[in-house]
Amino acid sequence: MKMHKWLLMLLLTWAAGFSAPAYAQSAPEQGSTIEYTSPDKAASSPEMADVLRRDGKIYIVVAVLVSVLLGVLLYLISLDKKIGRLERELRQ
Amino acid sequence: MKLSWWKWLTILLLLYTVVVGMLSEVPRLAILNETIRNLYFHVPMWFGMILILLVSVVYSVKYLRNPLSRNDIIAYESAKVGILFGVLGIVTGMEWARFTWGEFWSNDPKQNASAIGLLIYFAYLILRGSFQDHQQRARISAVYNIFAFAALIPLLFILPRLTDSLHPGNGGNPGFNSYDLDSRLRVVFYPAVIGWTLLGIWVVHLRTRLEVLKQRFYENA
């Protein structure tokens, strides 16, 4: 069990390290979107929850994809458990 | 949850693929546009198919050397998952081709060759279904499986490169084109290949256990 946790930790740091340059490259673009909503414009229009509507609403698609993927994976996990239970029953 | 480490790895890699694959910066190219992100979803289907079919061949050879029914089950189940990946690969390829090449099916060498490859594997399933005797079925289909894999490799990786193909990385140009090799793409592409392949292995693992259970159940009953 302990080794698995260590492996997971390693993986997480690895994934974070990999994704960092990708985000760094998209940083200037984010800067331009901030310029677009310039301070005087922000002052004139009321504040809204715009985070998920940024960049052509791509974040919504990402959320949908993650949900679908998680659904399928959870289904696989439950199948895995059911088969495991059957295996234990047959062994007894 | 008690899951083995490689299943956690699968989940992690796939989530990484979807999130970073959709949000990261990619090369801006004409015609391809954002569809270049299909590299993270369409191409891993084929890589996964080849790797899972390789597992199938290895277990077919193992069966011929040592006729355990477990070897036959793994060979059969991984062949089925490999075929599923291949079908998903061809469908996603067609969807993409409609908007980049203009047609769902333009009789491109790559498309035709992969269709032939899949047909060879469909024949494997039919062949398996046509035997009554378990041992005969296992042995003959194991031999066929080896030939099928040997035919698939030139169909997918050699023949389309000998002629002109619209498919990226083909048409006299071995390996990936320079734009496919972009390091920003690789950062997601390799984890995506590992993640999707592991997902297939996970399904093979489940189906194999289910089949083994079934056999033991009927032996006891």
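**Entry 1: helix 3 of chain A against helix 1 of chain B**

An axis, as I use the word here, is a line fitted to the C-alpha atoms of a helix over the stretch in contact, and an angle between two axes runs from 0 to 180 degrees between their N-to-C directions. I keep in mind throughout that this is a predicted model.

I looked up helix 3 of chain A, residues 54-91, together with helix 1 of chain B, residues 5-23, and found that their axes come within 9 Å and cross at roughly 165°. Since angles over 145 degrees count as roughly antiparallel, helix 3 of chain A is therefore roughly antiparallel to helix 1 of chain B. The crossing of this pair is right-handed.

I then noted which residues meet: helix 3 of chain A contributes, among them, A:Ile58, A:Val62, A:Leu65, A:Leu69, A:Leu73, A:Ile77 and A:Asp80, while the residues from helix 1 of chain B include B:Lys7, B:Ile11, B:Leu14, B:Val18 and B:Met22. Sorted by class, this contact has 17 nonpolar residues, no polar ones and 2 charged ones.

**Entry 2: a charged pair**

I followed B:Lys7 further and found that B:Lys7 forms a salt bridge with A:Asp80, with the closest N and O atoms 2.6 Å apart. B:Lys7 lies in helix 1 of chain B and A:Asp80 in helix 3 of chain A, so this pair joins two chains. I wrote beside this the general remark that side chains of opposite charge can pair when their charged atoms come close.

**Entry 3: the interface as a whole**

How many salt bridges does the rule find across the interface of chain B and chain A? I counted 3 across that interface, and a search of the whole structure gave 9 over all chains.

For the extent of the interface, I recorded that chain B and chain A bury about 3200 Å² between them, with 82% of that area on carbon and sulfur atoms. The contact takes 34 residues from chain B and 32 residues from chain A.

**Entry 4: helix 3 and helix 6 within chain B**

Next I turned to helix 3 of chain B, residues 69-100, and helix 6 of chain B, residues 183-220, whose axes come within 9 Å and cross at roughly 140°. That angle makes helix 3 of chain B oblique to helix 6 of chain B, and the crossing is right-handed.

The residues that meet include B:Arg70, B:Ile73, B:Glu77 and B:Phe85 from helix 3 of chain B, and B:Trp196, B:Val203, B:Arg207 and B:Val212 from helix 6 of chain B. By class I noted 8 nonpolar, 5 polar and 5 charged residues in this contact.

I chose B:Val212, which is found in helix 6 of chain B, for a closer look. Leaving aside residues up to four places away in sequence, B:Val212 touches B:Arg70 and B:Ile73. The C-alpha atoms of B:Val212 and B:Arg70 are separated by 7.2 Å, although the two residues are 142 residues apart along the chain.

**Entry 5: helix 2 and helix 5 within chain B**

Last, I looked up helix 2 of chain B, residues 43-65, and helix 5 of chain B, residues 134-162, which pack at an angle of about 145° with their axes 9 Å apart. Is the crossing of helix 2 of chain B and helix 5 of chain B left-handed or right-handed? I found this crossing to be left-handed.

Among the residues that make the contact are B:Trp46, B:Met49, B:Leu53 and B:Val57 of helix 2 of chain B, along with B:Ala142, B:Ile146, B:Phe149 and B:Leu156 of helix 5 of chain B. The classes in this contact come to 18 nonpolar, 4 polar and 1 charged.

How values were computed:
Residues are numbered from 1 along each chain as its sequence is written. Chains are lettered from A and ligands numbered from 1 in the order in which they are written. This is a predicted model: local features need pLDDT of at least 70, side-chain atom pairs count only at pLDDT 80 or more; totals for chains, interfaces and linings use all residues. Side-chain values use heavy atoms; hydrogens and water are left out. Helices (H or I, at least four residues) and strands (E, at least two) are DSSP runs, numbered from the N terminus. Angles under 35 degrees count as roughly parallel, over 145 as roughly antiparallel, 65 to 115 as roughly perpendicular and the rest as oblique. A crossing is left-handed if the near helix is turned anticlockwise from the far one by less than a right angle, and right-handed if clockwise. Contact means heavy atoms within 4.5 Å. Ala, Val, Leu, Ile, Met, Phe, Trp, Tyr, Cys and Pro count as nonpolar, Asp, Glu, Lys and Arg as charged, and the others, Gly among them, as polar. Buried area is the accessible area (1.4 Å probe) that two parts lose on being put together, summed over both. A salt bridge is a side-chain nitrogen of Lys or Arg within 4 Å of a carboxyl oxygen of Asp or Glu.
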